[in-house]
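Colleague: I have not looked at this one before. Can you take me through it?

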Amino acid sequence: MCYSNLYSIKLLRYSQDTKEGDFNLEKEKRILTGDRPTGKLHLGHYVGSLENRLKLQHEYDTFLIIADIQALTTNFDQPDKLSNDVHQVAEDYLAVGIDPEETTILVQSMIPEIAELTIFYSMIVTVNQLQRNPTIKSEADQYGYREMSYGFLGYPVSQAADITFCKADLVPVGQDQLPHIEQTRKIVRKFNQLYKPVFKEPEPLISRIPRLVGLDGENKMSKSLDNAIYLNDSKKEVEKKVMSAKTDPARVRATDPGHPEVCTVFEYHRAFNEDNLKEIEKRCKAGTIGCVDCKKRLANAINEIFEPIRARRQQYLNKPDLVDEIVINGTKKAKKIAKETVNEVKEAMKLNYFK
Ligand code: TRP
């Protein structure tokens, strides 16, 4: 689904008692998306999904899940890390402009109803389906199933529970998450058909830049590969990292004609400096802008995006309890909704034995 389509759908409805000039808008549709808390968020997260969340939070009833149980599928042996990471992700969300008035931020492990849904869904998902999931498959190809935990094999099921506890309509994600959304849709179809039509099939919304390359120019931007620019990097750090980014290897002198289509820095201009893209492309190809100048302009463009993020982060850091309060309240609100969904699910599955 693309943006123009999205905007053409009538998403907002005035409630009946809306008076003139009264912005009492009710959001009709829901978004659920989120992240595994494994550390600081970076520019890959920003273009992968944060950007869409920021835009859409005003139109959709938005839920952001900090998927700490999903993080445990790989980090179960580092229990000291998780608390920091959960706080870090919440702070990054708010710093980037997620508005707690518009968006509900929640922690996955604090809502046992999500775990309940996971168990119920696990009965209607085959092992074979999970083994065909590309993330599971590549892990199995690398290390074999002997080493894989039951929790890791089943994490797409747990992600289906994340998405469906609030009956999300739309899931903004990076391209690598598409198989998980497809799995969720399969579960929903099977559940509805077997029991009762409780759920709707969620739609993915893929970002403008499906996959952001890292500073090494080879791999996807990721923390583990040390090729990332973090949302909380300082102005100087951004400049230093951008200067280290891979460029067109065929370009030795500043006056050599460049090949933007193979240049990491140009990919970043496309992602973060769209207004100047045409000019930079032209000048690179003509050899009238050198890589150093081109990188300086990119660092400036990124720092311009980061300026309001830095200011907002500081505002939150000045009120140390506020971030926690927002997450606790968001989780409470989400838990209520999850409880209603579990009740419906149990009723549909005839698991309600006593009045
Ligand atoms: N798997 C996602 C990631 O690795 C994180 C995630 C967990 C998620 N639950 C979700 C994303 C539900 C979208 C919807 O980035």
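Colleague: Start with the second largest cavity. How many nonpolar, polar and charged residues are in its lining?

Modeller: The lining of the second largest cavity has 4 nonpolar, 2 polar and 2 charged residues. Keep in mind that this is a predicted model.

Colleague: Which residues line the second largest cavity?

Modeller: Pro-37, Leu-72, Asn-75, Gln-78, Pro-79, Lys-81, Leu-82 and Asp-85. At least two residues of that lining come from α3, and at least two from α4 (82-96).

Colleague: What volume does the second largest cavity have?

Modeller: About 30 Å³.

Colleague: And how many cavities of 30 Å³ or more are there in the whole structure?

Modeller: The search finds 2. The largest cavity has a volume of about 60 Å³.

Colleague: What lines the largest cavity?

Modeller: Four cysteines are listed by name, Cys-263, Cys-284, Cys-291 and Cys-294, along with Thr-247, Asp-248, Arg-251, Gly-258, His-259, Val-265 and Phe-266. Both α12 (264-272) and α14 supply at least two residues of this lining. By class, the lining has 6 nonpolar, 3 polar and 2 charged residues.

Colleague: Since α14 came up, how does α11 pack against α14?

Modeller: Helix α11 (residues 235-243) and helix α14 (residues 291-317) pack at about 145°, and their axes are 9 Å apart. The crossing of α11 past α14 is right-handed.

Colleague: Which residues make the contact?

Modeller: On α11 they are Lys-235, Val-238, Glu-239, Val-242 and Met-243. The α14 side includes Val-292, Leu-298, Ala-299, Ile-302 and Phe-306. By class, the contact has 8 nonpolar, 1 polar and 5 charged residues.

Colleague: Changing topic: how is the chain divided into domains?

Modeller: Domain 1 covers 4-212 + 320-348, and domain 2 covers 235-316. Their C-alpha centres lie 32 Å apart. In the contact between them, 18 residues of domain 1 meet 13 residues of domain 2.

Colleague: Now pockets. How much space lies in the second largest pocket?

Modeller: About 480 Å³. It is lined by 22 residues, and the closest to its centre are Thr-118, Tyr-150, Gly-151, Gly-154 and Ser-158.

Colleague: Which element gives the most to the lining of that pocket?

Modeller: That is α5, with 6 residues. The elements that give two or more residues are α3 (68-75), α5 (112-122), α6 (127-132), α8 (150-153) and α9 (155-164).

Colleague: How many charged residues are in the lining of the second largest pocket?

Modeller: There are no charged residues in that lining, which divides into 13 nonpolar and 9 polar.

Terms used
Residues numbered from 1 in each chain as written. Predicted model: local features only at pLDDT ≥ 70, side-chain atom pairs only at ≥ 80, totals over all residues. Heavy atoms only, no water. Axes fitted to C-alpha atoms, helices over the stretch in contact; angles between N-to-C directions. Helix = DSSP H or I, 4+ residues; strand = E, 2+ residues; numbered from the N terminus. Left-handed = near helix turned anticlockwise from the far one by under 90°. Contact = heavy atoms within 4.5 Å. Nonpolar A, V, L, I, M, F, W, Y, C, P; charged D, E, K, R; others polar. 1 Å grid on protein atoms, 1.4 Å probe; cavity = no way out; pocket = protein on both sides within 12 Å on 5 of 7 lines; lining within 4 Å. Points joined across faces, edges and corners; volume = space filled by probe spheres on them. Domains from an automatic or database assignment.
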